[in-house]
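Trainee: I should like to go through this protein with you, from a single residue out to the whole fold. May we begin?

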Amino acid sequence: MEALLDTYNTVAATSVTTWFKACRVKDIPKNGGACVKYQDKQIALFNFARKGKWYACQNLCPHKLEMVLSRGMIGDQEGIAKVACPMHKKTFSLETGENLNGDLEAIATYPVKIDAGFVYLGFSE
Ligand code: FES
């Protein structure tokens with residue numbers, strides 16, 4: 001199961017080599033999320049309309065290795081966009097992936113760009 005976690009590594013905006021066309025902007029509810037499949041990865045994509053920003057992270061919660069983060073509640077903690085896992089409410093920064101209410105390892109985050117009504121996720125492989 002730990003190998004599953006190794007599937008996910010944060011991609012910096014400066015190291016993107018592939019922009020994957022994930023969906024239409026209108027496919028993702030405002031202030032909600034959805035799961036996008038890319039190769040062997042499940043990516044949680046969020047339209048954080050209250051902040052006017054989009055975020056992407058691994059869908060896999062490192063707590064019990066459940067594929068659930070796309071169904072988590074998004075919110076703000078002292079200016080940091082975060083997602084709370086729907087299972088046991090562990091929260092993670094959507095900006096750095098850091099676990100904000102515990103000592104779990106950070107989740108991987110991915111760059112998002114919007115172009116001509118479509119949402120793209122950045123990958124480096
Ligand atoms: S599985 Fe996510 S908090 Fe427990």
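**From one residue to the fold**

Mentor: Phenylalanine 92 has its place in strand E9. Please bear in mind that the model is predicted.

Trainee: Is phenylalanine 92 buried or exposed?

Mentor: The criterion is a count of other C-beta atoms within 10 Å, and a residue with 20 or more of them is classed as buried. Phenylalanine 92 has 30 such atoms within 10 Å, and therefore it is buried.

Trainee: With which residues is phenylalanine 92 in contact, leaving aside its neighbours within four places in sequence?

Mentor: Several of these contacts carry numbers from 97 to 100, namely Gly97, Glu98, Asn99 and Leu100. The others are Cys57, Lys82, Val83 and Ile107. The full set is thus Cys57, Lys82, Val83, Gly97, Glu98, Asn99, Leu100 and Ile107.

Trainee: How many Å apart in space are phenylalanine 92 and methionine 73, C-alpha to C-alpha?

Mentor: In sequence, phenylalanine 92 and methionine 73 are 19 residues apart. In space, their C-alpha to C-alpha distance is 11 Å.

Trainee: Which strands stand at the edges of the open sheet of 3 strands?

Mentor: This sheet has the order E7-E8-E9, with antiparallel pairing. The edge strands each have a single partner strand, so one side of each is left without a neighbour in the sheet; they are E7 (73-77) and E9 (91-93).

Trainee: Which residue in E8 does glycine 75 stand opposite?

Mentor: E7 and strand E8 (residues 80-84) run antiparallel and are joined by 5 bridges. Opposite glycine 75, in E8, stands lysine 82.

Trainee: Which strands are at the edges of the open sheet formed by 4 strands?

Mentor: The order of this sheet is E2-E3-E4-E10, and its pairing is antiparallel. Two of the strands pair on one side only, and these edge strands are E2 and E10 (109-110).

Trainee: What is the bridge partner of glycine 32 in E3?

Mentor: Strand E2 (residues 32-38) and strand E3 (residues 41-48) run antiparallel, joined by 7 bridges. Along this pair, cysteine 35 stands opposite alanine 44 in E3. For glycine 32, the bridge partner is asparagine 47.

Trainee: Which residue takes a positive phi in the hairpin of E2 and E3?

Mentor: The hairpin has 2 residues between the strands. The phi in question is near 50 degrees, and the residue that takes it is glutamine 39.

Trainee: Which strand supplies the largest share of the largest nonpolar core?

Mentor: That core has 26 residues, of which Leu45, Phe46, Tyr55, Ala56, Cys57 and Val112 touch the most other members. At least two residues each come from E3, strand E4 (53-58), strand E5 (60-61) and strand E12 (118-123). The largest share is 5 residues, and it comes from E3.

Trainee: With which residues is tyrosine 55 in contact beyond four places in sequence?

Mentor: Tyrosine 55 is among the core residues that touch the most other members. Leaving aside neighbours within four places in sequence, its contacts are Phe46, Phe48, Ala81, Leu94 and Val112.

Trainee: What is the radius of gyration of the protein?

Mentor: The protein has 1 helix and 12 strands. For 125 residues the globule rule gives 14 Å, and the computed value is close to it, so the protein is as compact as a globular protein of that length; its radius of gyration is 13 Å.

How values were computed: Residues numbered from 1 in each chain as written. Predicted model: local features only at pLDDT ≥ 70, side-chain atom pairs only at ≥ 80, totals over all residues. Pairing = 2+ DSSP bridges. Core = buried A, V, L, I, M, F, W, Y, C linked by C-beta atoms within 7 Å. Buried ≥ 20, exposed ≤ 12 C-beta atoms within 10 Å, placed from the backbone. Contact = placed C-beta atoms within 7 Å. Rg over C-alpha atoms; globule rule 2.2 N^0.38 Å.
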